[in-house]
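Here is a walk through one model, loop by loop and then outward to the whole chain. Keep the viewer open as you read.

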Amino acid sequence: MVNPYETAKNQLADAAKELKIAEHLLSELSNPTVHQRDLVIDLDDGRKEKFVAYRSQHNNARGPFKGGVRFHPGVSEDEVRALSMWMTWKSAIVNIPFGGGKGGVVVDPKKLSKDELQRLAKAYGSAFVDVLGPRTDIPAPDVYTNSQTMAWMLDGYERAAGHQAPGAFTGKPIALGGSEGRDTATGLGGFFITEEIAKANNMKPSETTVAVQGMGNVGYTIADYLFKAGYKVVALSDSKGGIYNDGGINPELSRMCKIEKGMISDCYHIGSVQDDKESTQISNEDLLKLDVDILIPAALESVLSKKNADNIKAKVVVEMANGPTTPNADDILHERGIQVVPDVLANAGGVAVSYFEWVQNSYGYYWTRDLVNQRLEELMRNSFKKVYAVCIGQECSMRRSAYLYALKKVADAIELRGKEK
Ligand code: NAD
């Protein structure tokens, strides 16, 4: 297993070399600070149990630390370190005034009751009260945490802090200061990015075929927006398998069928926008190898690897999942001329609307969904253009452009602050 912290440090060192970043800056940016706490909670049967919790803070030169908290048995110090570094780059890429943070609790949330999860989330909010806050470090949902978890963490934090602080957490329910549009933000942001990369490649929507892996929040939202904009969505899948129809699929109909039948692969006879053609069942692995214009992995990490990179036929890959392409596969795809729009740009719509939520909390004045979506569109399209411009006329990948662009911004912010003493 590759250590994600080693990968994150290597990516940084690589970009730092090209930008000739000073050694002291490279060292500072290679070493996030990790806070660790033991969370002791009462279980429903009266016993007490201890859970190890982390908060990694990478860099705050551009603004408060920002990043999710995950509840997962695989959480480790090195994992949160790496994820906090990636958050620094993501915030810089979409030009929001945040740095990078990430947290986690080593726990299998499926083994806890709802009340136990509530106690754990509140314990997290209060245990880290000294290092979190709207002007310090702002967590959000991540793997196996959601808006309810944020509501509990906020309550734990506010009780320990002794005052209200809605901007201390984002991804909250709307009733507690969450933002309109947060539910669709990642998929809609990815849609704007996909439109931009399609335009850059002279792809016309009606002649552009798209395959989407994953029919969750992100996969469904982006597929639906693309379909409504006239793109030909020819394949969709979930964890049990997928459907393919070269005439095009209506994601909304497929989702309704999935809700009814439980899995998308049982919906191969509906969802067709061409009455004379029927969808066929397809495996997730075959979906990735389809001869389409745009492939959108929107489910799991590492699905594009050394094993299948030589067989990917798409012209463009838009990474909506986090880390769907392994470093080996990334090199192969680049050599084969397949353009990969990296996750740090493509799926940044979620953190962008988290930023909008924080802004709304800061001045206690709330925006409509239309206003949120309009500002998201502007931010995502501008970010695409800035990152795309870094590599025009050069042989570099968009991932490399994104890292160079982000590191330059962060390094400039650190330098502008001058020396500590
Ligand atoms: P989700 O839980 O809503 O959906 C996940 C989807 O993936 C489900 O449809 C599931 O059936 C499918 N899936 C699971 N295993 C699969 C497999 N082996 N093959 C194909 N499909 C499989 O999750 P989500 O919020 O849509 O997140 C999807 C990805 O996007 C994750 O990598 C996540 O980290 C990333 N992401 C999400 C957000 C967000 O705001 N939700 C933001 C940034 C990145």
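## Two asparagines with unusual backbones

Let's start with N202, which sits in the loop between α6 (185–200) and β6 (209–213). Keep in mind that this is a predicted model. The phi angle of N202 is near 55°, so a positive value turns up here in a residue other than glycine. For context, most residues other than glycine have a negative phi. As for its surroundings, N202 is exposed, with a relative accessible area of 70%; the cut-off for that label is over 50%.

N95 has a positive phi too, near 55°, and it isn't a glycine either. You'll find N95 in the loop between α3 and β4. With a relative accessibility of 47%, N95 counts as partly exposed.

## A buried neighbor in the loop

Stay in that part of the chain and look at I96, in the loop between α3 (77–93) and β4 (100–106). Is I96 buried or exposed? It counts as buried, at 0% relative accessibility.

I96 also has a partner from far along the chain: Y355 is 259 residues away in sequence, yet the C-alpha atoms of I96 and Y355 are separated by 7.0 Å.

## The disulfide

How many disulfides does the model have? The count comes to one, and it joins C257 to C267, with an S to S distance of 2.1 Å. That falls inside the cut-off, because a pair of cysteine sulfur atoms has to be within 2.5 Å to be called a disulfide. In chemical terms, a disulfide is a covalent bond between the sulfur atoms of two cysteines. The angle about the S-S bond is -95°, and the link of C257 and C267 is left-handed.

So what does the bond tie together? C257 belongs to helix α8 (residues 251–261), while C267 lies in the loop between α8 and β9 (280–282), so the link connects parts that are 10 residues apart in sequence. Both ends are out of the way of solvent by the burial rule: C257 is buried at 6% relative accessible area, and C267 is buried at 0%.

## Around the ligand

Now turn to the ligand. Of the 18 residues around it, the ones that come nearest are T186, G216, N217, V218 and N322. Sorted by class, the shell holds seven nonpolar, nine polar and two charged residues.

Several backbone atoms come up against ligand oxygens. A polar backbone atom of V218 is 2.9 Å from an oxygen atom of the ligand. For S239, a backbone N or O atom lies 3.1 Å from a ligand oxygen, and for M320 the corresponding distance is 3.4 Å. On its own the ligand has 830 Å² of accessible area, and the protein covers 67% of that.

## The chain as a whole

Zooming out, the protein chain has 14 helices and 12 strands. Its C-alpha trace spans about 65 × 55 × 45 Å along the principal axes.

How does that fit with the chain length? A compact globule of 421 residues would have a radius of gyration near 22 Å, and the protein chain has 21 Å, which agrees. Buried residues make up 57% of the 421 residues. I96, back in its loop, is one of the buried ones, whereas N202 is exposed.

Technical notes:
Residues are numbered from 1 along each chain as its sequence is written. This is a predicted model: local features need pLDDT of at least 70, side-chain atom pairs count only at pLDDT 80 or more; totals for chains, interfaces and linings use all residues. Side-chain values use heavy atoms; hydrogens and water are left out. Helices (H or I, at least four residues) and strands (E, at least two) are DSSP runs, numbered from the N terminus. Buried means under 20% relative accessible area, exposed over 50%, partly exposed in between (1.4 Å probe, protein chains only). A residue is near a molecule or strand if one of its heavy atoms lies within 4 Å of it. A polar contact is a pair of N or O atoms within 3.5 Å; within protein, one must be able to donate a hydrogen and the other to accept it, and residues adjacent in sequence count only if both atoms are side-chain atoms. Accessible areas come from the Shrake-Rupley method with a 1.4 Å probe; for residues, only the protein chains shown count as cover. Ala, Val, Leu, Ile, Met, Phe, Trp, Tyr, Cys and Pro count as nonpolar, Asp, Glu, Lys and Arg as charged, and the others, Gly among them, as polar. The radius of gyration is taken over C-alpha atoms; the globule rule is 2.2 Å times the number of residues to the power 0.38.
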